[in-house]
Amino acid sequence: MPGRKVGVLALQGAVALHQRALADAGASPRAVRAAAELDEVEALVIPGGESTTMSMLLESSGLFDPVGERIADGMPVFGTCAGMILLASDILDGRPDQRSWAAIDVDVRRNAFGRQVDSFEADLPVAEIAGDPFHAVFIRAPVVERAGDGVDVLASVGDRPVLARQGRVLVSSFHPELTADGRLHRYFLEEVA
Ligand code: GLN
């Protein structure tokens with residue numbers, strides 16, 4: 001039986017590895033670059049990359065508003081790193097023309113995870129995911145500076161949320177597609193979507 005059609009926004013960034021992780025988890029992944037491709041999918045992954053560039057490309061491709069409308073209609077989304085920034089209610093240290101869908105009630109600051117470290121890795125216990133801690137890779141990751149009452153924090157580094165969910169919106173400040181551990185993609189498909 002073919003899996004459910006899950007899109008990966010493919011304007012820029014870490015697309016292919018998300019598609020592989022989704023396929024390994026039993027879904028049927030599609031690259032989404034245009035509104036017609038968005039219409040074909042029932043859930044969407046917004047990958048890591050550069051949120052300012054993605055915001056610009058979302059505008060020029062005409063996808064910003066259609067994606068926002070699908071999210072408002074309840075389409076499940078999983079935003080990783082730059083994808084988390086694009087889903088946040090407020091972006092600190094963003095570019096003035098950078099936009100976000102305000103799909104999850106968190107404020108994020110770009111590129112501010114411990115000022116000295118550009119990138120790092122950490123083993124994180126994750127609420128709702130059984131077994132070993134999740135090995136998380138952070139690359140110029142966004143910091144969550146505020147999470148609203150309706151947001152469930154599923155993992156943190158110190159007191160900073162790095163994996164959070166509000167309804168059908170899941171966000172991580174790290175890159176789950178960069179390791180072979182498929183548990184987060186499965187969690188998205190089985191529990192969120
Ligand atoms: N720092 C990037 C941004 O602001 C995000 C980095 C990433 O996605 N790995 O968009």
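**A β-α-β unit, a nonpolar core and a pocket**

Strand E1, helix H1 (residues 16-24) and strand E2 form a β-α-β unit that is right-handed. The model described here is a predicted one. Within this unit, E1 (residues 5-9) and E2 (residues 28-32) run parallel to each other and are paired over five bridges. A handy place to start when looking at this pairing is leucine 9, which stands opposite valine 32 in E2.

Helix H1 reappears in the description of the largest pocket. This pocket holds about 170 Å³ of space. Its lining is made up of 13 residues, and Arg20, Ala21, Asp24, Thr179 and Ala180 are the closest to the pocket centre. H1 gives the largest share of the lining, with four residues. In character the lining is mixed, with six nonpolar, five charged and two polar residues.

Attention now turns to the interior. In soluble globular proteins, nonpolar side chains tend to be buried together. The largest nonpolar core of this model has 33 residues, and those touching the most other members are Leu124, Phe138, Leu163, Leu170, Phe174, Leu184 and Phe188. Two or more residues of this core come from each of E1, strand E3 (43-46), strand E7 (119-124), strand E8 (134-139), strand E10 (152-157), strand E11 (160-166) and helix H6. The largest share, five residues, is supplied by H6.

Helix H6 (residues 183-192) is itself mostly covered, as seven of its ten residues are buried. The buried residues of H6 are Arg183, Leu184, His185, Tyr187, Phe188, Leu189 and Val192. An α-helix has 3.6 residues a turn, so residues three or four places apart point the same way. Readers following this helix on screen may like to begin with Leu184 and Phe188, which are buried in H6 and are also among the core residues that touch the most other members.

Strand E7, another contributor to the core, has two contrasting faces. Phe120, Ala122 and Leu124 make up its covered face, whereas Ser119, Glu121 and Asp123 lie on the uncovered one. Leu124 also belongs to the group of core residues with the most contacts to other members. E7 and E8 run antiparallel and are joined by six bridges. In this pairing, serine 119 of E7 stands opposite isoleucine 139 in E8.

Two loop residues deserve a look for their backbone angles. Most residues other than glycine have a negative phi, and most peptide bonds are trans. Cysteine 81, however, has a positive phi, near 55°, and lies in the loop between strand E4 (77-80) and helix H5 (82-87). Cysteine 81 counts as buried because its relative accessibility is 3%, which is under the 20% cut-off. Aspartate 93 likewise has a positive phi, near 60°, and is placed in the loop that lies between strand E5 (88-92) and strand E6 (104-109). With a relative accessible area of 47%, aspartate 93 is partly exposed.

A final stop is glutamate 37, a residue of helix H2 (residues 35-39). Glutamate 37 is partly exposed, its relative accessible area being 31%. In sequence, 31 residues separate glutamate 37 from valine 6, while in space their C-alpha atoms are 11 Å apart.

Key: Residues numbered from 1 in each chain as written. Predicted model: local features only at pLDDT ≥ 70, side-chain atom pairs only at ≥ 80, totals over all residues. Heavy atoms only, no water. Buried < 20%, exposed > 50% of the residue type's maximum accessible area, 1.4 Å probe, protein only. Pairing = 2+ DSSP bridges. Right-handed = clockwise from strand over helix to strand, strands pointing away. 1 Å grid on protein atoms, 1.4 Å probe; cavity = no way out; pocket = protein on both sides within 12 Å on 5 of 7 lines; lining within 4 Å. Points joined across faces, edges and corners; volume = space filled by probe spheres on them. Nonpolar A, V, L, I, M, F, W, Y, C, P; charged D, E, K, R; others polar. Core = buried A, V, L, I, M, F, W, Y, C linked by side-chain atoms within 4.5 Å.
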